[in-house]
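Please read the points below with the sequence and the model side by side, taking each one slowly and checking the named places as you go.

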Amino acid sequence: MTLLQALKMRRERQEYANVPLVQFLAGYYQERVAEKIGVELGGEFRGAFEEACAQGVPVVLFDRRLSITTQRAKDVLTRWDKVRLFFELLGGIFWLPGEDEIARILTDQDKLRELMETLGKRYPTLKRVIIDERDRYMMYKLHEFSKNCRSVVAIVGAGHIPGICRIWDEEVTDADMVQLSQSSQHRRKTVPISFVLNARK
């Protein structure tokens, strides 16, 4: 799907009516990256879910709701940040890295860490909301699940692995979780995009 076709779809389909343009472009950029390296966007989550169902293993969603993360990101970004991010996403869509470079970034922990550091330097508040806060949220949930399960298999995006590993032994209180879960707007139909496969107790 070309960018023009995607923008036309956004205008015509009701489910995209309230999706901010920058968020829509970010999703389209992810689809282009997945297409570039020949994988299905979110395919690892779908595959894990299907395998868990086939094995009779309980599945628990444990990422923060997308609506909360989206609203918090909108709240922390300045108008200039949004304009800059819009043009950077637009440029990224038209000038994607090569397939080999994308694969290296996604499989090399050092490169992933470098990418996260670059995001933090350019958009520190955005990184805090979409990466750091969710790392802490998911880490807390994983600890809670592990108290009652013999083993837990967590399926998370590659960009969250370094952060979750780094803060694994840090304490996240219930008060922290309340703060991380707050949003000035709630959209009831959105669902988390990461989940846990709980092994049998």
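1. Among contacts in the chain between residues at least 6 apart in sequence, those joining residues at least 24 apart make up 81%. Please keep in mind while reading that this is a predicted model, and that the values given here are computed from it.

2. The chain holds 10 helices and three strands, and if you read along the sequence you will meet them in the pattern α-α-α-β-α-α-α-α-α-β-α-α-β. Of its 201 residues, 35% count as buried, while the accessible surface of the chain comes to about 12,600 Å², with 55% of that area belonging to carbon and sulfur atoms.

3. Which residues make up the largest nonpolar core? This core has 10 residues in all, namely Leu25, Tyr28, Ala73, Leu77, Leu85, Leu89, Ile93, Tyr123, Leu126 and Val129. At least two of its residues are supplied by each of helix H2 (21-36), helix H5 (79-94) and helix H8 (124-146), and the largest share, three residues, comes from H5. A second, separate core has seven residues, among them Tyr137, Met139, Ile167 and Val172. As general background, nonpolar side chains in soluble globular proteins tend to be buried together.

4. Helix H5 deserves a check of its own, since its length can be compared with an expectation. At 1.5 Å a residue, the 16 residues of H5 should span 22 Å, and because its end C-alpha atoms are 23 Å apart, the two values agree; the expected span is 1.5 Å times one less than the number of residues, which is why the product is taken in that way. The buried residues of H5 are Asp81, Arg84, Leu85, Leu89, Gly92 and Ile93, and of these Leu85, Leu89 and Ile93 also appear in the largest nonpolar core.

5. The structure holds two aromatic pairs. In the pair formed by Phe86 and Phe87, the ring centres are 5.1 Å apart and the planes stand at 80 degrees, so this pair is edge-to-face; the cut-off behind this step is that planes over 60 degrees apart count as edge-to-face. Is Phe87 buried or exposed? With a relative accessibility of 53%, Phe87 counts as exposed, whereas Phe86, at 23%, counts as partly exposed.

6. Val129, a member of the largest core, touches Arg64, Thr69, Arg72, Ala73, Val76 and Arg134 when residues up to four places away in sequence are not counted. Thr69 lies in helix H4 (residues 66-76) and is buried, because its relative accessible area is 7% and buried means under 20%. Leaving aside neighbours within four places in sequence, Thr69 is in contact with Arg64, Val129, Ile130 and Arg134.

7. Val59 is found in strand E1 (residues 59-61), and at 28% relative accessibility Val59 counts as partly exposed. The C-alpha atoms of Val59 and Phe49 are separated by 7.2 Å, although these residues are 10 residues apart along the chain.

8. How many disulfides does the model contain? The count comes to zero, the rule being that a pair of cysteine sulfur atoms must lie within 2.5 Å. As for individual cysteines, Cys53 counts as partly exposed at 46% relative accessibility, and Cys165 is exposed, with a relative accessible area of 57%.

Terms used
Residues are numbered from 1 along each chain as its sequence is written. This is a predicted model: local features need pLDDT of at least 70, side-chain atom pairs count only at pLDDT 80 or more; totals for chains, interfaces and linings use all residues. Side-chain values use heavy atoms; hydrogens and water are left out. Rings of Phe, Tyr and Trp (its six-membered ring) pair if their centres lie within 6.5 Å; planes under 30 degrees apart count as stacked, over 60 as edge-to-face and the rest as tilted. Buried means under 20% relative accessible area, exposed over 50%, partly exposed in between (1.4 Å probe, protein chains only). A nonpolar core is a set of buried Ala, Val, Leu, Ile, Met, Phe, Trp, Tyr and Cys residues joined through side-chain atoms within 4.5 Å. Helices (H or I, at least four residues) and strands (E, at least two) are DSSP runs, numbered from the N terminus. Contact means heavy atoms within 4.5 Å. Accessible areas come from the Shrake-Rupley method with a 1.4 Å probe; for residues, only the protein chains shown count as cover.
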